[in-house]
Amino acid sequence: MMSEEKQIKDAPKPKPKRPKIPRQPMPEQDAHARAKNFDSVTLGYTMEQAVTEATRCIQCKKPLCVPGCPVAIDIPGFIQLVKDKEFLKAAQLVKQTNLLPAVCGRVCPQEEQCEAVCVLGKKQDPVAIGRLERYVADYEAEHGEIPLPELPSKTGKKIAVVGAGPGGLTVAGDLIQQGHDVTIFEALHKAGGVLVYGIPEFRLPKAIVEREVEYLQRLGVELKLNHVIGKIRTIDQLMQEDGYDAVFIGSGAGLPWFMDIPGENLNGVFSANEYLTRNNLMKAFDFPAYDTPIKKFKNVAVIGGGNVAMDSVRSALRLGADNAYIIYRRGREEMPARTEEIDHAEHEGVKFKNLTAPVRVLGNDEGWVTGLECLQMELGEPDASGRRRPIPIKGSEFVLEMDAVVIAIGTSANPLIAQTTPDLALNRKGYIEVENETTGRTSKKGVFAGGDIVTGSATVILAMGAGRNAANAIQDYLQTGEWWSSNGSAEN
Amino acid sequence: MSFARFSDIVTYAVEKETEAIRFYTEASQQEQYAAAKETFLAFAEEEKKHKALFENLDPQVVANYKFRNIADLKRSDYMVETEHKPGMPYVDILRLAMKREEHAKKFYDDCVALVEGDEQKKLFQMLSQEESKHKLILETMYDDTMAKAGD
Ligand SMILES: Cc1cc2nc3c(=O)[nH]c(=O)nc-3n(C[C@H](O)[C@H](O)[C@H](O)COP(=O)(O)OP(=O)(O)OC[C@H]3O[C@@H](n4cnc5c(N)ncnc54)[C@H](O)[C@@H]3O)c2cc1C
Ligand code: SF4
């Protein structure tokens with residue numbers, strides 16, 4: 001007979017019942033008020049909310065969220081620190097793998113990454129990992145001194161980084177900490193890439209990016225603004241004449257596509273890039289303090305359904321449009337924009353015209369936009385891939401009164417660097433070909449690439465991940481001098 | 001140009017394909033990068049298949065030809081005319097090729113109405129369907145690329 005003690009041991013333990021704490025909502029500015037200002041839409045968790053949210057995490061032994069994160073942040077680790085109110089330590093832990101947590105906490109599509117696989121998501125809402133990441137990063141910015149790490153002695157090696165987007169900034173941050181001299185060449189008058197010229201202030205305050213760039217400068221990274229590589233210097237000149245031992249190209253994918261429909265050359269038609277850049281970098285939103293405004297338009301149509309379109313249309317509202325439309329040829333469920341951004345746009349009063357395709361921009365005698373002719377679309381039969389593509393409904397033409405049209409249907413690589421670097425191989429879509437994503441080695445010895453210039457438009461975190469990989473590969477290259485050849489053998 | 005005889009039409013269609021092969025081959029030669037060269041050469045190869053098909057056409061082949069409904073996404077139909085510029089981005093290359101297929105299809109559709117005789121009509125319908133197939137392949141590639149980018 002079993003002893004009483006053993007019986008007690010073997011009895012199934014009652015599972016501790018956790019009270020189901022709901023996912024903490026993100027405090028937001030009122031939708032009507034915010035549609036008229038450029039201040040942050042989301043306000044960030046309070047300390048109580050952050051700690052409450054952190055207690056929802058069940059600290060999985062094999063956390064699915066970590067491989068769901070493109071840079072594998074120790075998510076349960078930092079969430080435990082939030083629960084323990086060790087916010088500075090939590091921020092430092094996140095920063096071990098992510099240089100820009102305050103950025104990623106705001107703009108990463110967590111719902112497709114870490115949060116999509118969080119085990120809680122099976123039965124309830126996943127842990128709000130992104131919001132917690134933002135909380136700890138903001139806490140550190142407010143309360144913590146970011147200590148400068150001790151740098152190793154100088155190696156005497158020089159690295160040139162082309163482009164100060166998230167990819168280039170990551171490479172610079174990693175390599176300066178290896179003792180190399182790093183110079184970033186940036187075409188614009190401000191560093192940050194899309195983070196400063198594309199994503200609007202109300203979604204990502206520019207001060208956050210400025211702080212991170214300043215931190216890199218304090219570490220010793222040299223920043224050369226208004227330096228267009230391919231014009232001022234070529235990649236070959238950087239390496240052969242200016243003494244750089246390696247170059248990282250992180251020049252992004254900033255060349256906008258147009259629709260090629262009649263009327264696109266009228267005044268009042270913008271690419272989203274131009275529209276957002278004028279607004280962000282030239283501070284059109286701060287007129288008359290800054291005198292490079294975007295004319296005030298009453299009716300603005302933004303073409304497209306991605307993040308860039310949502311940022312443009314929400315900016316249009318804030319710049320004073322009475323009516324701001326999204327014109328999208330497919331159904332809402334196909335929009336690549338983050339659901340959160342679509343919802344925000346809708347709450348702010350953006351009008352959605354889905355299954356609608358523009359066919360002509362109409363204008364007056366002075367050459368200004370007056371309207372947009374569109375067609376109603378319907379979904380066709382599923383094709384071989386199962387996709388139901390939109391096709392125009394015959395005779396469904398209609399005209400919307402407009403005075404501005406912003407085109408946000410995609411971008412590709414600016415060809416300048418490729419044109420001035422003939423031995424740099426490109427892929428079919430015009431992006432730089434690399435050996436693989438873990439090295440970023442291009443066809444040209446000593447030249448590495450990563451981010452949107454390799455993948456086409458993607459995400460901030462993927463560009464940063466590519467930057468980190470390239471920085472590791474550059475470090476290897478500087479130590480061994482080894483290169484690769486496309487037939488797989490190493491070259492010296 | 002007379003399309004009175006079956007063979008006139010076949011000769012014309014073969015010439016059009018020859019012109020298309022030449023166009024894409026020359027475009028490929030003008031490109032600097034291997035990838036763009038390959039894209040144009042792939043289009044030239046497709047046109048070669050059409051040329052071979054058309055060269056072997058006889059009334060019997062046409063009589064047995066199966067017509068089916070080819071979806072028309074009409075992606076190129078509302079776009080302005082475009083021309084080859086070396087170094088043009090990939091989506092522009094697709095637009096150029098889509099537009100050419102659209103014109104070819106429209107031309108054959110017009111011809112159906114113009115000619116008399118069932119054999120000739122059917123031949124033009126077949127040619128139109130062949131161009132429609134190419135247009136659909138290109139427009140599908142284009143639509144996939146654009147959908148991802150947010151269009
Ligand atoms: C409006 C908008 C909204 C977005 N929203 C999100 C979002 O919510 N979440 C998300 O994850 N991603 C978003 N993205 C995508 C994301 O911003 C990009 O994937 C990311 O910034 C790519 O980083 P990168 O370093 O490769 O290039 P970029 O950020 O594009 O930076 C490239 C830099 O290189 C510079 N440059 C270019 N050519 C030269 C040259 N010849 N010489 C010198 N410098 C050069 C450019 O001026 C630029 O500063 C958005 C993009 C846009 C446009
Ligand atoms: S999967 Fe979700 S619950 Fe599990 S450790 Fe990650 S955040 Fe916590």
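Which hand does the crossing of H1(B) and H2(B) have? The crossing is left-handed, a word used when the near helix is turned anticlockwise from the far one by less than a right angle, while clockwise counts as right-handed. Before we look further, note that this is a predicted model, in which local features need pLDDT of at least 70 and side-chain atom pairs pLDDT 80 or more, while totals for chains, interfaces and linings use all residues. Residues are numbered from 1 along each chain as its sequence is written, chains are lettered from A and ligands numbered from 1 in the order in which they are written, and side-chain values use heavy atoms, without hydrogens and water.

**The two chains**

Helices (H or I, at least four residues) and strands (E, at least two) are DSSP runs numbered from the N terminus. Here is how the chains look overall.

| Chain | Helices | Strands | C-alpha extent along the principal axes |
|---|---|---|---|
| Chain A | 19 helices | 18 strands | roughly 95 × 60 × 55 Å |
| Chain B | five helices | zero strands | about 45 × 30 × 25 Å |

Chain A has a radius of gyration of 25 Å, close to the 23 Å of the globule rule for 492 residues, so it is as compact as a globular protein of that length. For chain B the radius of gyration is 16 Å, close to the 15 Å that the rule gives for 151 residues, so chain B too is as compact as a globular protein of its length. This radius is taken over C-alpha atoms, and the rule is 2.2 Å times the number of residues to the power 0.38.

**Helices of chain B**

Helix H1 (residues 6-30) and helix H2 (residues 34-55) of chain B pack at about 165°, with axes 8 Å apart. Axes are lines fitted to C-alpha atoms, for helices over the stretch in contact, and angles run from 0 to 180 degrees between N-to-C directions. H1(B) and H2(B) are therefore roughly antiparallel; that label needs an angle over 145 degrees, while under 35 is roughly parallel, 65 to 115 roughly perpendicular and the rest oblique. Among the residues in contact (heavy atoms within 4.5 Å) are Val10(B) and Tyr24(B) of H1(B), and Phe40(B) and Phe54(B) of H2(B). By class, this contact has 12 nonpolar, five polar and six charged residues. Ala, Val, Leu, Ile, Met, Phe, Trp, Tyr, Cys and Pro count as nonpolar, Asp, Glu, Lys and Arg as charged, and the others, Gly among them, as polar.

H2(B) also meets helix H4 (residues 90-114) of chain B: their axes come within 11 Å and cross at roughly 20°. That makes H2(B) roughly parallel to H4(B), and the crossing is right-handed. Phe40(B) takes part here as well, and Ile93(B) is one of the H4(B) residues in the contact. This contact has eight nonpolar, one polar and two charged residues.

**A sheet in chain A**

Five strands of chain A form an open sheet in the order S6-S14-S7-S8-S9, with parallel pairing. Two strands pair if DSSP finds at least two bridges between them. Strands S6 (269-271) and S9 (351-353) of chain A stand at the edges, each with a single partner strand, so one side of each has no neighbour in the sheet. From one strand to the next, the twist averages 20°.

Strands S7 (residues 299-303) and S8 (residues 323-327) of chain A pair over five bridges, and Ala301(A) has Tyr325(A) as its bridge partner in S8(A). Helix H14 (residues 272-280) of chain A packs on the sheet, touching S6 and S14 (404-407), with its direction at about 85° to that of S6(A). Helix H15 (residues 307-318) of chain A lies across S7, S8, S9 and S14, running at about 165° to S8(A).
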